[in-house]
Amino acid sequence: MLQKLAYHFHAYQPGDVTYIRDGRGEKPVEYEERRSPVSIKIREEKVKGENWTQAMLYSYEHIADTLSRMKGISIDIEPFTFLMLLRYHKKAFEDAVELLKSFDAVPTTPFHPIVPHLDEFEQRILAKVSFDFYAPLTGDRPVIGYWLPEAVITRKSAEIIESSTDKKLVFLLDERQLLYSFPQAKHSCNRYGNSFVFGREWSLSDAFAFNTLDVPGLIRATAGMADREKEEAGIPYLVLMASDLESLLGNPAQLDRFTAWMEGLESLGVERVSAPEFVRRKLSGEYRRLEGECSFEMGVKDYSSWSDYFDMSIDGKTGDMRWLGLRREDGRIIYRWYKGRKLSQLWKLAFTRLFEELNRAVRIGVLRGLNELNANAEEFLVRYARIFFMDYYRYFGMDTSLDYVLEPAGGDRNALKLGRIYYLMLLANHSCPRFWENLDTRVAFGNVSVIAKALIELMEYFDGNELQGLFIEAYLKLLNFEELYHLWNLGAMPSLEGWETDEKAWLDALKPEVPNSGYNVVTRAALYVGKRDLKGELRRLIAPYNLDWAVADTGHIPGEVHGHWENREWCEHRL
């Protein structure tokens with residue numbers, strides 16, 4: 001058969017950060033983590049962690065063992081996840097490094113934000129850091145993949161990424177993001193701007209991830225995608241699958257199911273080759289091309305993704321409504337079902353807008369500070385990754401010296417504090433809080449806790465400066481998240497059924513899911529940091545609040561309930 005199969009795995013764990021410890025910026029951040037013990041079962045073994053993140057990372061050893069016997073695999077591991085893996089389980093980290101060197105390592109955006117939702121300045125920084133971080137793993141390969149978090153893409157974001165490397169890129173997307181204009185393009189090498197693009201077969205990828213087909217069914221369905229015209233013409237073509245790496249842990253037998261699926265296809269003569277390698281072979285002439293192949297321009301819907309609420313799509317394509325809480329096509333706020341009831345997603349729009357404002361406040365402060373030091377801000381902030389991810393870079397023998405990092409700042413060590421604050425802001429922009437239907441989650445708490453720390457450190461850095469008020473105002477919006485409904489007139493937004501923007505629906509979505517606090521999770525996390533860090537006159541900011549309610553406990557995430565939690569009622573933080 002001329003059918004080829006690629007499988008891409010996306011590895012991402014947002015972490016269980018509850019508090020960032022103090023620091024001056026010359027070392028990686030130290031943080032405190034949630035203590036909410038949980039285990040998962042792999043084959044006959046239980047893998048346990050003090051929190052969900054640790055349990056997932058400990059399981060990577062089992063995954064690496066299975067994948068090491070595979071072909072045609074590409075993998076991306078989000079940089080902060082990679083750093084945590086090195087910290088918790090060095091052997092699994094080393095196994096992952098060897099896997100990525102033998103397979104196709106795919107760079108991805110650090111901190112897993114929804115990239116097009118960020119300011120273009122942040123997009124440029126993160127794009128450059130992603131390639132610097134992955135340089136030891138991609139080496140001299142001329143064609144590499146690129147994974148945008150949640151695959152959310154726009155032409156502008158793609159151009160920023162393209163301009164940050166001299167390699168040819170293959171953006172790995174979902175077929176529901178692509179705008180096919182002719183049938184030959186399917187499963188072929190297609191251009192997207194100055195890069196290339198492939199869309200995964202989403203229904204079959206999901207059938208494996210969610211166990212809706214058994215192994216014989218997976219084999220039949222994959223083989224059934226044979227393109228008879230290309231087979232007869234002698235033209236190799238590629239079927240791309242993709243899923244989260246954690247899909248291999250969905251049940252105790254999942255790793256064995258994947259192995260049996262791949263071996264079954266191999267017995268049918270389906271060769272496994274990664275998407276970047278497939279494109280390389282097409283460009284080199286090793287694989288025969290259709291007339292015009294690799295020159296076909298593929299349209300891609302701006303702001304589309306690989307995991308949107310497809311059931312609410314108007315145009316048969318995906319979008320980013322999952323993270324916005326509204327549908328771009330008609331601007332209507334949507335709802336989702338959660339614990340047997342309809343829950344307005346208006347909170348996602350407010351959360352998105354709030355973080356846009358908080359990011360802007362941090363950017364203004366950091367750039368003002370760096371300008372006062374006569375620093376080349378963009379170059380310094382790219383190099384600061386060598387401190388934030390210091391242990392990783394040192395593992396590969398790359399320069400992490402202060403002389404290297406501070407060169408764009410003229411050696412001024414005051415820049416280090418500003419670099420730390422900027423990277424805290426980036427760390428606070430994980431996409432995961434807005435992925436889930438409920439606001440009260442451990443990942444939402446983590447984002448807010450980290451951005452609150454960044455704002456408080458800016459208050460201290462600019463103490464006595466007129467700019468301090470900007471950061472105080474930003475922090476107060478975290479404390480008063482509930483009141484943004486009126487401040488921003490969110491009740492005037494159009495909605496799907498007419499009730500999703502009512503104040504009652506707003507308050508219902510913000511309701512705490514833990515028994516020991518009356519505050520929503522945004523207020524709760526901001527207070528949790530503030531009660532430890534605010535001193536002197538700044539302490540007055542939290543004086544009206546009940547600090548006994550400033551706890552790190554949260555509700556559970558629906559996608560994690562299959563774990564064996566010691567506390568199944570809520571995601572606690574044991575002190």
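Modeller: Accessible areas come from the Shrake-Rupley method with a 1.4 Å probe, and for residues only the protein chains shown count as cover. This is a predicted model, in which local features need pLDDT of at least 70 and side-chain atom pairs count only at pLDDT 80 or more, while totals for chains, interfaces and linings use all residues. Residues are numbered from 1 along each chain as its sequence is written, and side-chain values use heavy atoms, with hydrogens and water left out.

Biologist: How much area does the protein expose, and what share do carbon and sulfur atoms supply?

Modeller: The protein exposes about 21,100 Å². Carbon and sulfur atoms supply 48% of that area.

Biologist: How many helices and strands are there in the protein?

Modeller: Helices (H or I, at least four residues) and strands (E, at least two) are DSSP runs, numbered from the N terminus. The protein has 22 helices and 20 strands. Its radius of gyration, taken over C-alpha atoms, is 24 Å, close to the 25 Å that the globule rule gives for 575 residues, so the protein is as compact as a globular protein of that length. The globule rule is 2.2 Å times the number of residues to the power 0.38.

Biologist: What order do the strands β4, β5 and β20 have in their sheet?

Modeller: Two strands pair if DSSP finds at least two bridges between them. Here the order is β5-β4-β20, in an open sheet of three strands with antiparallel pairing. β5 (45-49) and β20 (564-565) are the edges; each has a single partner strand, so one side of each lacks a neighbour in the sheet. β4 (residues 38-42) pairs with β5 over five bridges, and Ile 42 stands opposite Glu 45 in β5.

Biologist: Which residues does Thr 222 touch?

Modeller: Contact means heavy atoms within 4.5 Å. Leaving aside residues up to four places away in sequence, Thr 222 touches Gln 3, Leu 5, Leu 204, Met 241, Trp 261 and Leu 265. Thr 222 belongs to helix α7 (residues 215-223).

Biologist: Is Thr 222 buried or exposed?

Modeller: Buried means under 20% relative accessible area, exposed over 50%, and partly exposed in between (1.4 Å probe, protein chains only). Thr 222 has 0% relative accessibility and therefore counts as buried. In the protein, buried residues make up 64% of the 575 residues.

Biologist: Why is helix α10 largely enclosed by the rest of the structure?

Modeller: Seven of the ten residues of α10 (residues 275-284) are buried, so the helix is largely enclosed. Among them are Phe 278, Val 279 and Arg 281. Gly 285 follows α10, with a positive phi near 90 degrees.
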